[in-house]
Amino acid sequence: TVETLIGRSEAGWHENELAAVLQVSVKEALLGLVRRGRVAREKVGGRYLYGVADRRARKEQVLSRKHL
């Protein structure tokens, strides 16, 4: 699932990346997960990066993304 992929990612995911991997639209699913606090999003490079809800772990995801 989207939540599982985000949770296992070292660098979070952008919406278009998830959609490409899963070959379905994930926009509504992502918004629902964010609203329920199950994942979080943060602007990185002008785009939303979806990461884990845990603040410390998400910080690591964002730092990993910035070093890609």
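**Exercise 1.** In this predicted model, find the salt bridge between the side chains of Arg38 and Glu3 and say where its two residues sit.

*Solution.* Step 1: a side-chain nitrogen of Arg38 lies 2.6 Å from an oxygen of Glu3, and the two side chains form a salt bridge. The cut-off for such a pair is 4 Å.
Step 2: place the partners. Arg38 belongs to the loop between helix H3 (27-35) and strand E1 (39-44), while Glu3 belongs to helix H1 (residues 2-8); at 35 residues apart, the pair links distant parts of the chain.
Step 3: classify the exposure. Arg38 has 43% relative accessibility and therefore counts as partly exposed. Glu3, at 26%, is also partly exposed.

**Exercise 2.** How many salt bridges does the rule give in total, and which residue does Glu17 pair with?

*Solution.* Step 1: the count is three salt bridges.
Step 2: Glu17 pairs with Arg65, with 2.9 Å between the closest N and O atoms. This pair joins helix H2 (residues 15-22), which holds Glu17, to helix H4 (residues 55-66), which holds Arg65, and the partners are 48 residues apart.
Step 3: compare each partner with the limits, under 20% for buried and over 50% for exposed. Glu17 has 24% relative accessibility, so it counts as partly exposed. Arg65 has 15%, so it counts as buried.
Step 4: another of the salt bridges is formed by the side chains of Glu42 and Arg58, at 3.5 Å from N to O. Here strand E1, with Glu42, is linked to helix H4, with Arg58, across 16 residues. Glu42 is partly exposed at 34% relative accessibility, whereas Arg58 is buried at 15%.

**Exercise 3.** Check the span of H4 against the value expected for its 12 residues, then determine which residues of H4 are buried and what covers them.

*Solution.* Step 1: with 1.5 Å a residue, the 12 residues of H4 should span 16 Å. The C-alpha atoms at the ends of H4 are 16 Å apart, in agreement with that value.
Step 2: the buried residues in H4 are Arg58, Gln61, Val62 and Arg65. Their arc around the axis is only 100°, so they lie on the same side of H4.
Step 3: relate this to helix geometry. An α-helix has 3.6 residues a turn, so residues three or four places apart point the same way.
Step 4: look at the opposite face. Arg56 and Lys59 are exposed and lie on the face of H4 turned away from its buried side.
Step 5: identify the cover. The elements covering the buried residues of H4 include H1, H2, E1 and strand E2 (47-52).

**Exercise 4.** What is the sign of phi at Gln23, and is Gln23 buried or exposed?

*Solution.* Step 1: phi at Gln23 is positive, about 60°, although Gln23 is not a glycine. Most residues other than glycine have a negative phi.
Step 2: Gln23 is located in the loop between H2 and H3.
Step 3: the relative accessible area of Gln23 is 70%, so Gln23 is exposed.

**Exercise 5.** Which residues form a nonpolar patch on the surface with Val21, and where is Val21?

*Solution.* Step 1: Leu22 and Val24 join Val21 in the patch, and together the three residues have about 240 Å² of accessible area.
Step 2: Val21 is part of helix H2.
Step 3: a patch residue needs over 30% relative accessible area. Val21 has 49% and is partly exposed.

Notes. Residues are numbered from 1 along each chain as its sequence is written. This is a predicted model: local features need pLDDT of at least 70, side-chain atom pairs count only at pLDDT 80 or more; totals for chains, interfaces and linings use all residues. Side-chain values use heavy atoms; hydrogens and water are left out. Helices (H or I, at least four residues) and strands (E, at least two) are DSSP runs, numbered from the N terminus. Buried means under 20% relative accessible area, exposed over 50%, partly exposed in between (1.4 Å probe, protein chains only). The expected span of a helix is 1.5 Å times one less than its number of residues. The arc is that of the directions from the helix axis to the C-beta atoms. Contact means heavy atoms within 4.5 Å. Patches are made of residues with over 30% relative accessible area and no salt bridge: like charges are joined within 9 Å, nonpolar side chains (Val, Leu, Ile, Met, Phe, Trp, Tyr) within 5 Å. Accessible areas come from the Shrake-Rupley method with a 1.4 Å probe; for residues, only the protein chains shown count as cover.
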